[in-house]
Amino acid sequence: MKKTITILTLSTFLFLSCGKETKEATNNEPAIAVQVSGISADSNAPFVTASGKIEAENSANVSTRMMGYVTKVHVKVGQKVGAGQLLVSVNNTDLQAKKAQVDASILQATAGYNNAKKDYERFTALFNQQSASQKELDDMTSRYEMAKAGLEGARQMRNEVMAQFSYSNITAPFSGEVTNTFVKEGDMANPGMPLVSVEGVSRMQVTAMVSESDIAQITNGMAVKVLVKSINKEVAGKVSEVSGSAKNTGGQYLVKVTLNATDKAILSGMFVNVQFPIANKPKTETTIKSDKVMVPESALVKQGQLTGIYTIANGKTAILRWIRTGKSFGNQVEVLSGLSANEQYIVSAEGKLYNGALVSIQ
């Protein structure tokens with residue numbers, strides 16, 4: 001028993017010695033020079049951010065009012081088109097037959113009108129010479145008026161048929177770009193069914209949804225900043241429409257922003273963050289605290305789906321803190337949880353950081 005106790009004591013001594021040597025080696029590592037920054041708590045936030053999506057000011061799903069087979073699609077997706085340019089042709093054989101019938105009706109009505117007009121003029125002269133009775137003149141007058149109305153009706157019927165031809169040859173309502181085609185040659189076109197989607201590329205706008213707590217501070221004509229997330233580009237815009245009802249939008253209010261300039265890299269459908277400037281409100285005791293903690297995106301550390309940031313412990317040790325982030329605007333990211341206001345974090349380092357690394361604040 002005594003021998004066993006001695007062995008355990010020796011093992012414990014060796015283990016403690018090794019641990020001490022490892023700790024001393026770690027402490028002897030050179031400190032990594034870092035730069036730190038204190039988080040600013042924007043308690044009087046000078047702006048309100050809202051998510052939105054870019055869309056064209058002019059957009060249309062072009063359809064037809066008649067039924068028929070599509071004979072030809074004249075455009076492709078991405079093609080630039082001008083106002084009035086032919087997009088889709090729909091079979092119009094039945095319209096051609098109807099047009100021929102109407103043209104024949106016009107010829108018949110014209111002949112009847114000319115004959116009635118001559119009889120009317122003849123009987124008017126005879127009546128003036130007291131060679132025709134009043135009844136005979138009245139009969140010829142009625143016949144003439146009926147023939148005249150019949151001819152006008154035939155002409156209007158022809159106008160109706162010709163108007164139908166515009167629905168068999170679908171044209172662009174404005175200049176823009178074809179964004180989608182919903183049919184191909186041989187498909188059956190039905191009334192109201194979209195055939196081609198066209199968007200005007202000259203002017204773009206942003207449709208954003210704003211919460212009820214912020215909508216009262218947004219007005220028409222307000223200058224705003226729009227960050228296009230996918231290309232990390234900021235453009236200027238102006239509020240053009242503000243909805244006064246959230247009945248059909250799930251408690252969110254619709255706000256439209258017109259972009260001041262159009263960039264070729266900005267495409268319809270891109271998601272954006274809109275920054276609405278608002279007046280600073282003095283904080284009172286009854287004001288609900290809504291501090292926004294913003295940090296630069298370059299200071300974040302991402303591992304899989306986790307996001308963290310290095311903080312300083314005891315003024316000399318780097319500690320990786322996992323945080324939850326919110327909206328981003330430019331190179332700034334909102335921190336929802338994991339960091340408190342005015343807490344120091346590492347902005348940059350001259351070496352590779354790791355959890356527990358010795359650091360030297362510059």
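## The open sheet

Which strands form the open sheet, and in what order? There are four of them, lined up as β8-β7-β5-β10, and the pairing is antiparallel. The edges go to β8 (169-171) and β10 (188-189); each has a single partner strand, so one side of each is left without a neighbour in the sheet. Keep in mind while looking around that this is a predicted model.

Zoom in on the β5 and β10 pairing and you'll find two bridges, with the strands running antiparallel. Gly68 has Ala189 of β10 as its bridge partner.

## A nonpolar patch on the surface

Just before β5 in the chain there's a loop, the one between β4 (59-63) and β5 (68-73), and Met67 is found there. Is Met67 buried or exposed? Its relative accessible area is 52%, so Met67 counts as exposed.

Met67 isn't on its own, either: Met67, Tyr69 and Met188 form a nonpolar patch on the surface. Taken together, the three residues have about 320 Å² of accessible area.

## The barrel

The other sheet to look at is a closed barrel. Six strands make it up, running β3-β12-β15-β14-β13-β16, and here too the pairing is antiparallel. On average, neighbouring strands of this sheet are turned by 40 degrees against each other, direction ignored.

How many bridges join β3 to β16? Seven do, and the two strands run antiparallel, with β3 covering residues 47-56 and β16 covering residues 271-277. For a landmark in this pairing, try Ser51, which stands opposite Asn273 in β16.

## A hairpin further along

Strands β18 (residues 300-303) and β19 (residues 306-313) are joined by four bridges and run antiparallel. Within that pairing, Lys302 stands opposite Thr307 in β19.

The hairpin they make has two residues between the strands. Check the backbone at Gly304 while you're here: it takes a positive phi near 65 degrees.

## Tyrosines between two helices

Now for the rings. Searching the whole structure turns up two aromatic pairs. One of them is made by Tyr120 and Tyr144, whose ring centres are 5.0 Å apart with the planes at 10 degrees, so the pair is stacked. This pair links distant parts of the chain: Tyr120 sits in helix α2 (residues 93-128) and Tyr144 in helix α3 (residues 134-165), 24 residues apart.

How buried or exposed are the two partners? Tyr120 is partly exposed, at a relative accessible area of 27%, while Tyr144 is buried, at 12%. A further tyrosine joins in as well: Tyr113, Tyr120 and Tyr144 form one aromatic cluster.

## Salt bridges in and between the helices

Side chains of opposite charge can pair when their charged atoms come close. The structure holds nine such salt bridges, and a few of them sit in the helices just described.

Start with the one that crosses from helix to helix. Asp119 forms a salt bridge with Arg143, and the closest N and O atoms are 2.7 Å apart. Asp119 lies in helix α2 and Arg143 in helix α3, so the pair ties together parts that are 24 residues apart in sequence. Asp119 is buried, with a relative accessible area of 13%, whereas Arg143 counts as partly exposed at 35%.

Other salt bridges stay within one helix. In α2, the side chains of Asp103 and Lys99 meet at 3.3 Å, N to O; the two residues are four apart, about one turn of the helix. Asp103 is partly exposed, with a relative accessible area of 25%. There's a wider network here too, as salt bridges link Lys99, Asp103 and Arg158.

Helix α3 has Asp139 and Lys135, which form a salt bridge with their closest N and O atoms 3.1 Å apart. Being four residues apart in α3, they are separated by about one helical turn. Lys135 is exposed, at a relative accessible area of 56%, and Asp139 is partly exposed, at 39%.

Terms used
Residues numbered from 1 in each chain as written. Predicted model: local features only at pLDDT ≥ 70, side-chain atom pairs only at ≥ 80, totals over all residues. Heavy atoms only, no water. Pairing = 2+ DSSP bridges. Axes fitted to C-alpha atoms, helices over the stretch in contact; angles between N-to-C directions. Patch = residues over 30% accessible without salt bridge, like charges linked within 9 Å, V, L, I, M, F, W, Y side chains within 5 Å. Areas by Shrake-Rupley, 256 points an atom, 1.4 Å probe, with all protein chains shown as cover. Salt bridge = Lys/Arg side-chain N within 4 Å of Asp/Glu carboxyl O. Buried < 20%, exposed > 50% of the residue type's maximum accessible area, 1.4 Å probe, protein only. Phe/Tyr/Trp six-rings, centres within 6.5 Å; stacked < 30°, edge-to-face > 60°.
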